[in-house]
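Visitor: Please take a close look at one part of this model: the salt bridges. I would like to know which side chains pair and how well covered they are.

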Amino acid sequence: ENIEGVIRGEGEVSFWKAVNQEKEVDGLVTKTYDADVKYARVDIEYLESLESPYFLSFDDEVRKNRYLYLETSRGCPYRCSYCLSSLDNKVRNFSLDYVYAQLAKLEAYPCKQVKFLDRTFNSHPKRALAIAEYINKLNVDFSFQFEVALEFFSEELLSFFENAKKDRFRFEVGVQTFNIDTLKAINRNQNEERLSKNIKRFASNDIVMHTDLIAGLPYEDYN
């Protein structure tokens with residue numbers, strides 16, 4: 001009731017086309033219209049040409065007490081069946097120049113914590129290392145949190161974070177489950193042995209992690 005339509009995907013362009021009632025709108029579905037493009041995607045270069053959404057003047061007074069959600073990529077390399085991010089299975093990266101420019105501003109615009117919106121921060125290991133090295137050198141006193149697939153960390157990445165500033169980085173490790181039958185059912189590739197090894201390795205180096213499990217996946221019960 002009172003909903004005119006739904007946009008599937010990214011809305012920076014499609015939303016305004018829908019508001020202006022243009023004839024063809026990527027991702028838009030209404031009772032009378034279903035877009036040929038089922039999932040709207042916006043060109044990254046176009047987004048980089050816009051004013052930064054992270055440092056707008058109306059946030060100045062409250063920014064230091066808030067989380068800053070920063071995206072450096074869109075899409076997810078995995079196809080886990082329970083997750084909406086798997087609908088966009090092509091990872092598209094913002095340029096490193098753009099990312100560095102946003103990070104550099106944080107020295108003048110402090111916040112409570114920066115949380116990266118990237119679905120898997122380490123999907124491109126060398127790029128992840130370059131960003132992490134840049135962050136490690138910033139003159140700030142808050143931390144940065146990443147969602148990672150820890151079993152796929154390169155040795156170079158593991159060694160870097162073991163020796164980086166301990167209060168600078170936090171990790172959200174999506175373990176989700178250790179049940180092999182469940183992993184197959186949800187279409188999730190996971191190297192349990194390497195994942196456990198890397199979690200223990202990070203823990204032994206006092207690196208802060210959230211190791212998430214999902215309740216209610218197939219083939220699991222309370223036990």
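Guide: Here is a walk through the salt bridges, followed by the chain around them. This is a predicted model: local features need pLDDT of at least 70, side-chain atom pairs count only at pLDDT 80 or more, and totals for chains, interfaces and linings use all residues. Residues are numbered from 1 along each chain as its sequence is written, and side-chain values use heavy atoms, with hydrogens and water left out.

Side chains of opposite charge can pair when their charged atoms come close. A salt bridge here is a side-chain nitrogen of Lys or Arg within 4 Å of a carboxyl oxygen of Asp or Glu. The count comes to 10 salt bridges.

Start with Arg8 and Asp34. Their side chains form a salt bridge, 3.2 Å from N to O. This pair links distant parts of the chain, 26 residues apart. Arg8 sits in the loop between strand 1 (6-7) and helix 1 (11-19). Asp34 sits in the loop between strand 2 (28-29) and helix 2 (44-48). Helices (H or I, at least four residues) and strands (E, at least two) are DSSP runs, numbered from the N terminus. Arg8 is partly exposed, at 33% relative accessibility. Asp34 is partly exposed too, at 43%. Buried means under 20% relative accessible area, exposed over 50%, and partly exposed in between (1.4 Å probe, protein chains only).

Next come Arg63 and Asp60. Their closest N and O atoms are 3.1 Å apart. Arg63 is buried, at 7% relative accessibility. Asp60 is partly exposed, at 39%.

Then take Glu155 and Arg201. In this salt bridge the closest N and O atoms are 2.7 Å apart. Glu155 lies in helix 5 (residues 155-163) and Arg201 in helix 7 (residues 192-204), so the pair ties together parts 46 residues apart in sequence. Glu155 is partly exposed, with a relative accessible area of 45%. Arg201 is partly exposed at 22%.

There is also a network. Salt bridges with shared partners join Glu10, Glu12, Glu71, Arg74 and Arg92.

Now the setting. The chain has seven helices and nine strands. Its C-alpha trace spans about 55 × 50 × 30 Å along the principal axes. Of its 223 residues, 39% count as buried. Contact means heavy atoms within 4.5 Å. Among contacts in the chain with a separation of 6 or more, 71% come from residues 24 or more positions apart.
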